[in-house]
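Student: I've got the coordinates loaded and want to talk through the fold with you. Can we start with the big picture and then zoom in?

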Amino acid sequence: MGQPWHWRGGSADARDEGFEPDDLVTQLLLARGCPRDAVEDHRAPTIRAFMPDPSIFRDMDRAAERLADAVLAGEAITVFGDYDVDGATSAALLIRILRDLGCPVGYYIPDRLMEGYGPSGEALVRIGTAGSKLIVTVDCGAQAFDALAQASAAGIEVIVVDHHQCAARLPEALAVVNPNRLDEDEGAAHGHLAAVGVAFLLGAALLRVLRARGFFAGKIEPKILELLDIVALGTVADVAQLKGLNRAFVAQGLKVMANRRNVGLNALIGAARLSRAPTCTDLGFALGPRINAGGRVGKSDLGVRLLTTENADEATEIAAELDRLNEERRAIEATVQAEAEVAALHQGNRAVAVVSGEGWHPGVIGIVAGRLKEKLGKPAIVIALDAEGVGKGSGRSVSGVDLGAAILAAKDMGLLVAGGGHAMAAGLTVGPGGIEALADFLDARLETAVAQASDGRALLLDGVVASGGVTPALVEALEAGGPYGAGWPAPRIAAGPVRIIKVDVVGNGHVRAIVQGRDGRSFKAMAFRAAETPLGEALLGAGPGRSLWIAGRPKIDDWGSRPAAEMHLEDAAWAD
């Protein structure tokens, strides 16, 4: 695939004086940037080891005190969320905490197509008129200057809980809790948190304030750690870097999820046809997309309803609806993906692929942007144009290229009607005829960063094994260094040399092969969406007469009568 293979673990040599080999998990942790003196904390990440004092974040104490006042007074609170998984989980987390505290709490999730991203002044005023003078925005609000000013003028107090990049000026709010505020101090070290992680910290701060005020005398305090399953889902689905506190959120959240106490999540696991305890991969590729489907092509509040219901029948009904919508989303996505790839062919050597199309569904452009980014190896922005020529866009970036900051800069230059995001993802609205100027700006601004990221592109390996080494035991050993995800990549190994015993194309352009090593051992290998790539062509054309080294991620194939190991391929190299 045109990339070098490098050893992820550095150049330690067993011949060096004083060299002592590490166990496999320690090697995996060190290779991912874990300090040697923190190996034990990272080996089994706990909330206790990584949880900061919530008070280090600006406005956190002010927000917690105001929420505590509302709880004590029985004041109505509305949680205003985003329509994606991070927004749904953030809203559900605070709703469940406030509900357990006996506080009258409602929620508002804007419709993606009719209202767009984030709070509008009209919606906030409408909520206030209905009786809720305290609103908490989650996963949105950091850039809602006009909307929050309108709410303030109407006597409505707003607490912003967000993680998207902020401008130098903050919106008019009672509190803005966001580790990515430009004036953040200690809290800036936690800028990788998803919004649901910030909401968890606010929940912990609220419980601490109420505890200090004696609220729990004779009462049962809500068990916030039992909500870590929701935190884990939002963190993984939002592709937040799995380092520090996020690793603890996900590691412990998966344990909570395995107990299936959350009625809605239990129903969703069933709808996704998972017969075992969910893994980190399941959160990103099975559960998260189903929650997202509600906001993308269905009803925006389905995710929050599912995650907050205590009625098993209602949960089953919502989960089935989300599963149906997810299938609908896949069909829509496939059409937009094909058209976007054709449009990208005309991009030339631009640093950022910016493609647009009339009639593209705004609910799938983020997914398509991610797929396009993976295929091209550079940032991609996909824009859906409406009948008036206004474009709603979503972008995904590559490691080392801060797309969110570039979108904010484009907005400041007057190239966008609205825009924001974080390093790896961004959203925008562009006026009629403005796409070419935006593409030129991004090309000029990000050309150097994209070139550096491309030059540093390599396939990083954690191990090399013979064919017989690709076993369930190896997969289990490698998983002990997890959870894996963004910023904490899953282990990748090379195996070989192997010969192709059988190969065919299955599904949507996937290449499936049975390979055999010189030790006589064979296993299955899958190269997803690779049929028309150099990798797929090599596998399909190799035949039994040529040998290859193959590289990818070992996985468990549990479809058969007993679990077997397979490899999900990312590259191959001729061995003879």
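Student: Taking contacts between residues at least 6 apart in sequence, what percentage join residues at least 24 apart?
Tutor: Keep in mind that this is a predicted model. The pool here is contacts in the chain between residues at least 6 apart in sequence. Of those, the share joining residues at least 24 apart is 67%.

Student: What radius of gyration does the chain have, and how does that sit with a compact globule?
Tutor: The C-alpha trace spans about 75 × 60 × 55 Å along its principal axes. For 576 residues, a compact globule would come out near 25 Å, so the chain's value agrees with that. The radius of gyration is 24 Å.

Student: How much of the chain is buried?
Tutor: The chain is built with 19 helices and 18 strands. Counting over its 576 residues, the buried share is 54%.

Student: On to helix packing: are α6 and α7 roughly parallel or roughly antiparallel?
Tutor: Helix α6 covers residues 121–129 and helix α7 covers residues 145–153; their axes come within 8 Å and cross at roughly 30°. Angles under 35 degrees count as roughly parallel. The crossing is right-handed. So the label for α6 and α7 is roughly parallel.

Student: Which residues of α7 take part in that contact, and what is the class make-up?
Tutor: On the α6 side you have G121, E122, L124 and V125, and they meet A147, L148, Q150 and A151 in α7. By class, the contact of α6 with α7 comes to 5 nonpolar, 2 polar and 1 charged residues.

Student: How are α9 and α10 oriented, oblique or roughly parallel?
Tutor: Helix α9 (residues 228–237) packs on helix α10 (residues 245–258) with axes 7 Å apart and an angle of about 125°. That angle makes α9, relative to α10, oblique.

Student: And what is the hand of that crossing, left or right?
Tutor: The α9 side of the contact is L228, D229, V231, A232, T235 and V236, while α10 brings residues including F249, V250, L254 and M257. By class, the contact of α9 with α10 has 9 nonpolar, 4 polar and 1 charged residues. The crossing of α9 and α10 is left-handed.

Student: Now backbone oddities. Which residue precedes P497 across a cis peptide bond?
Tutor: P497 lies in strand β14. There is also a cis bond joining G482 and P483, with omega about 5°, and P483 lies in the loop between α18 and β14. For the bond into P497, omega is near -10° and the preceding residue is G496.

Student: Is S547 buried or exposed?
Tutor: S547 lies in strand β17. Leaving out residues up to four places away in sequence, S547 touches several others, among them P497, R518 and W574. Its relative accessibility is 8%, and under 20% counts as buried. So S547 is buried.

Student: D139 has a positive phi; is D139 buried or exposed?
Tutor: Phi of D139 is about 60°, although D139 is not a glycine. D139 lies in the loop between β4 and α7. With 1% relative accessibility, D139 counts as buried.

Student: What is the phi of R260?
Tutor: R260 lies in the loop between α10 and α11. At 33% relative accessibility, R260 counts as partly exposed. Its phi is positive in a residue other than glycine, near 55°.

Terms used. Residues are numbered from 1 along each chain as its sequence is written. This is a predicted model: local features need pLDDT of at least 70, side-chain atom pairs count only at pLDDT 80 or more; totals for chains, interfaces and linings use all residues. Side-chain values use heavy atoms; hydrogens and water are left out. Axes are lines fitted to C-alpha atoms, for helices over the stretch in contact, and angles run from 0 to 180 degrees between N-to-C directions. Helices (H or I, at least four residues) and strands (E, at least two) are DSSP runs, numbered from the N terminus. Angles under 35 degrees count as roughly parallel, over 145 as roughly antiparallel, 65 to 115 as roughly perpendicular and the rest as oblique. A crossing is left-handed if the near helix is turned anticlockwise from the far one by less than a right angle, and right-handed if clockwise. Contact means heavy atoms within 4.5 Å. Ala, Val, Leu, Ile, Met, Phe, Trp, Tyr, Cys and Pro count as nonpolar, Asp, Glu, Lys and Arg as charged, and the others, Gly among them, as polar. The radius of gyration is taken over C-alpha atoms; the globule rule is 2.2 Å times the number of residues to the power 0.38. Buried means under 20% relative accessible area, exposed over 50%, partly exposed in between (1.4 Å probe, protein chains only).
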